Amino acid sequence: MAKETKKKIFQTFWSLIDNHSLDEITVTMLVQECGISRQTFYYHFSDIESLLRWGIEQSTSGCVKRAKQASNMREATVIFLSMLQDGSDVISKLLKSSYGGYTTLLIKDSIAQYIAKFAVRYADESVVNSPNAEFLLDFISNGITGGVIAAFIEQKAIDVEIIADKLNTLVFEKFIVE
């Protein structure tokens, strides 16, 4: 029941973003639109930022479930980048709001978590546990985040296939044995 309420709150929040800037959306507006009490909102979330974090985590988790069927890192990358591309309109609005920096961190964290989960699946244990693995993960996730955010701010579509091919050729094939 609690998860369903959280989902309802997040879905209402997401729908409000279609017609309002993020900075206009208040907890009061959200609870009125959702048909719940403020107490219910604060039972589940401490503020709008915690709602955003939960929503991004849920999206990433769902994407990971889908990508578990991927046969390699390239395919897993396509699945994840496609999810970001599908949410590009809303993500662009989030980036242009007062929550832009926070949204950037959430995107970067979700990319890092995603890559880490799949690198472990395909990588040689010595690569995953090497002293350079954390640096490499940080470097890759920051690079992808920068490219994705630049595309969203410029309102350009990201070419999921090209990015996946380049990451696979330049990074994953070099460091992850498939």
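# Close-up views of a helical protein

**View A. Leu52 is a buried residue, with a relative accessibility of just 1%.** This legend set describes a predicted model, so please read each view in that light. Leu52 sits in helix α4. With the cut-off for burial set at under 20% relative accessible area, the 1% of Leu52 places it among the buried residues. Look around the side chain and you will find Phe13, Leu22, Leu94, Tyr99, Tyr102 and Leu106 touching Leu52, once residues up to four places away in sequence are set aside. One of these partners, Leu106, is 54 residues away along the chain, yet the C-alpha atoms of Leu52 and Leu106 are separated by 8.5 Å.

**View B. The whole protein chain is built from ten helices and has zero strands.** Starting at the N terminus, the order of elements reads α-α-α-α-α-α-α-α-α-α. The chain has 178 residues, and 45% of them are buried. Among contacts with a separation of 6 or more, 72% join residues 24 or more positions apart. Keep that share in mind as you move through the other views, where several partners are listed by name.

**View C. The largest nonpolar core holds 31 residues, and Leu84, Tyr114 and Ile144 touch the most other members.** Two or more residues of this core come from each of α4 (48-67), α5 (73-86), α6 (88-95), α7, α9 (133-153) and α10 (160-175). The top contributor is α5, which gives eight residues. Leaving out residues up to four places away in sequence, Leu84 touches Ile91, Ile111, Val148 and Phe152. There is also a second, separate core of 24 residues, with Val27, Val31, Leu51 and Leu106 among its members.

**View D. Helix α5 is largely enclosed by the rest of the structure, because ten of its 14 residues are buried.** To trace them in the model, look for Met73, Ala76, Thr77, Val78, Ile79, Phe80, Leu81, Met83, Leu84 and Gln85. The length of α5 also makes a handy check: at 1.5 Å a residue, its 14 residues should span 20 Å, and the end C-alpha atoms are 20 Å apart, which agrees.

**View E. The largest pocket contains about 410 Å³ of space.** Its lining is made of 20 residues, and those closest to the centre are Phe10, Gly55, Gln58, Ser59 and Thr60. Helices α1 (2-19), α4, α5 and α7 each provide at least two lining residues. Of these, α4 supplies the largest share, with nine residues. If you are curious about the chemistry of the wall, the lining divides into eight nonpolar, nine polar and three charged residues.

**View F. Ser141 lies in helix α9 and is buried, with 0% relative accessibility.** Its contacts, apart from neighbours within four places in sequence, are Lys108, Ile111 and Ala112. One of these, Ile111, also appears among the residues that touch Leu84, so you can use Ile111 as a landmark when you move between this view and View C.

**View G. Asp23 is found in the loop between α1 and α2 (27-34).** How exposed is Asp23? The relative accessible area of Asp23 is 44%, which makes it partly exposed. Not counting residues up to four places away in sequence, Asp23 touches Ser97, Ser98 and Tyr99. Asp23 and Leu94 are 71 residues apart in sequence, and their C-alpha atoms are 9.0 Å apart in space. Tyr99 and Leu94 may look familiar, as both are contacts of Leu52 in View A.

**View H. Ala116 belongs to helix α7 (residues 100-122).** A relative accessibility of 29% makes Ala116 partly exposed; the partly exposed class runs between the cut-offs of 20% and 50%. For a marker elsewhere in the chain, find Ala133, which is 17 residues from Ala116 in sequence, with 9.5 Å between the two C-alpha atoms.

How values were computed
Residues numbered from 1 in each chain as written. Predicted model: local features only at pLDDT ≥ 70, side-chain atom pairs only at ≥ 80, totals over all residues. Heavy atoms only, no water. Helix = DSSP H or I, 4+ residues; strand = E, 2+ residues; numbered from the N terminus. Buried < 20%, exposed > 50% of the residue type's maximum accessible area, 1.4 Å probe, protein only. Core = buried A, V, L, I, M, F, W, Y, C linked by side-chain atoms within 4.5 Å. Contact = heavy atoms within 4.5 Å. 1 Å grid on protein atoms, 1.4 Å probe; cavity = no way out; pocket = protein on both sides within 12 Å on 5 of 7 lines; lining within 4 Å. Points joined across faces, edges and corners; volume = space filled by probe spheres on them. Nonpolar A, V, L, I, M, F, W, Y, C, P; charged D, E, K, R; others polar. Expected span 1.5 Å × (residues − 1).
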